[in-house]
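This report describes the surroundings of a bound ligand for a reader who is new to the structure. The sequence and the model are shown first.

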Amino acid sequence: MERLRVVGGAKLVGTVRVSGAKNSALKLMAATLLAPGQSKITNLPAIADVEYMAELLTRLGCKVDIKRDSNEVLIDVPQKLGHRADYDMVRKMRASINVLGPLIARELVAEVALPGGDAIGSRGLDFHINGLTEMGAEVSSEHGFIIAKAPAGLKGAKITLEFPSVGATENIMTAATLATGTTVIDNAAREPDVVDLGEFLISMGAKISGLGSHTITIEGVSKLTPTTHATLADRIVSGTWAFAAAMTQGDITIENGRADHLELPLDKLVEAGAVVTTTKTGFRVKMDKRPIAVDVATLPYPGFPTDLQPMVITLNAIAEGTSIVTENVFEGRFMFVNELLRLGAKIQVDGHHAAITGIKQLSAAPVAATDIRAGAGLVLAALVSDGVTIIEDAFHIDRGYPDFPAQLQSLGADVSRT
Ligand code: UD1
């Protein structure tokens, strides 16, 4: 999908079903490398990044069979894996870096091209590298590759992360499952995606405790076995629908949505005037007036997710009152604001703060998606604009939102691919 055409003005009403989380599914797929044999992942989202990860695993020697009808993937992992992930693959998505931990654990050598991914700011790998180094690996960076070697095997270590990085926690955790001895990760990420990955590893036979807390302990085992696991529901897609309901003064029931993984964002929506109720199988967000502006600061989980920052900025852009949104995780995320300015939003960015003065309605204009979440934020902005908005580079949205245009149409929006 190159372009999306969105006609503003619809109230979104109805029910959407949320599938598995991108940021879980990709990590689970990478972690299957740890156990030779066939693993199965269900509740897979139908997104482009899953295809990229399948291609990457295939190049490492796996047989990957994505079953579209049942949203499952079967991954046959060989006894001997390749150990190189090339740039043409890795540049397509950041999550490719998640093969680093499993490859060094299994093959004692890994060469992974430095990832590309979203243009949301510099995304270092120093925490990943430091962690593996503390476990006895020699890690260097040459010709655009990270090269990690541990000929004598990885050893358990106590690792304190400078920042609770999701990716670093995941790579260290996967690498530690097959290391000798015990690894303790302090200041670990607490995101539900990390917990989902940890539970997947436990079902493969890994010994892990402390998931969801600041300290994760992994006792190395000699071997892991293949498993079957259902991907956790996508909290960012669920949250996007929640903001869409509040902004369009609509009423959306989010089937499979986990309100318990969205406590702060949903509290903010209630503060903005929405009514949020949990249902037996998800939750519902209803709004019948113009939202009231809310201040937000993004933080690692359970803080307000940086991936929903474009949605809250967009809500504030049409809310009553002024607000400050502070970005504490990715410095480049405010690139999205330039696109909103094209729609007439009143926003001033100063460092990692955005000051927003709400106006009644945005005004349609051509805009471009710069990353997955910015793309989704622009769709929401277009829905509350006067006129027809064309969103360029809409392929970004397909990387994270399964069948977004069709789901929007089912809720009453006039959205089409062009
Ligand atoms: C993951 C998610 C992304 C989400 C982010 C934060 C995936 C594929 N992506 O990204 O959608 O926005 O978590 O919830 O799961 N950092 C370093 N050095 C490192 C590692 C990270 O400086 O070695 C910095 C990053 O530049 C960033 C911050 O730490 O400023 C957080 O990054 P991290 O939590 O690692 O995010 P990702 O795993 O890349």
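In this predicted model, an oxygen atom of the ligand is 3.2 Å from a polar backbone atom of Gly124. Two further contacts of ligand oxygen atoms, one with Asn23 and one with Val329, are listed beside it in the table.

| Residue | Protein atom | Distance to a ligand oxygen atom |
|---|---|---|
| Gly124 | polar backbone atom | 3.2 Å |
| Asn23 | polar side-chain atom | 3.1 Å |
| Val329 | backbone N or O atom | 2.5 Å |

The ligand taken alone exposes 750 Å², and the protein buries 89% of that area.

The shell around the ligand consists of 21 residues, the closest being Asp126, Phe127, Ser165, Asp307 and Val329. By class, this shell divides into 7 nonpolar, 7 polar and 7 charged residues. Three helices, α1 (22-31), α5 (126-134) and α6 (166-177), each contribute at least two residues to the shell. The largest share, 3 residues, is supplied by α5.

The position of the ligand can also be described in terms of domains. Both domain 1 (4-18 + 233-417) and domain 2 (22-230) give residues to the shell, and the ligand therefore lies between them.

Database annotation adds a further view of the site. The unreviewed UniProt entry lists Arg94, Asp307 and Val329 under "binding site". Of these residues, Asp307 is included in the lining of the largest cavity. Asp307 is located in the loop between β18 (296-297) and α10 (309-317).

Notes: Residues are numbered from 1 along each chain as its sequence is written. This is a predicted model: local features need pLDDT of at least 70, side-chain atom pairs count only at pLDDT 80 or more; totals for chains, interfaces and linings use all residues. Side-chain values use heavy atoms; hydrogens and water are left out. A residue is near a molecule or strand if one of its heavy atoms lies within 4 Å of it. A polar contact is a pair of N or O atoms within 3.5 Å; within protein, one must be able to donate a hydrogen and the other to accept it, and residues adjacent in sequence count only if both atoms are side-chain atoms. Accessible areas come from the Shrake-Rupley method with a 1.4 Å probe; for residues, only the protein chains shown count as cover. Helices (H or I, at least four residues) and strands (E, at least two) are DSSP runs, numbered from the N terminus. Ala, Val, Leu, Ile, Met, Phe, Trp, Tyr, Cys and Pro count as nonpolar, Asp, Glu, Lys and Arg as charged, and the others, Gly among them, as polar. Domain bounds come from an automatic or database domain assignment. UniProt positions are given in the numbering used here, feature names are shortened, and annotations may be inferred rather than shown by experiment. On a 1 Å grid over the protein atoms alone, a cavity is a set of points where a 1.4 Å probe fits but cannot get out, and a pocket is an open set with protein on both sides within 12 Å along at least five of seven lines; lining residues have an atom within 4 Å of a point.
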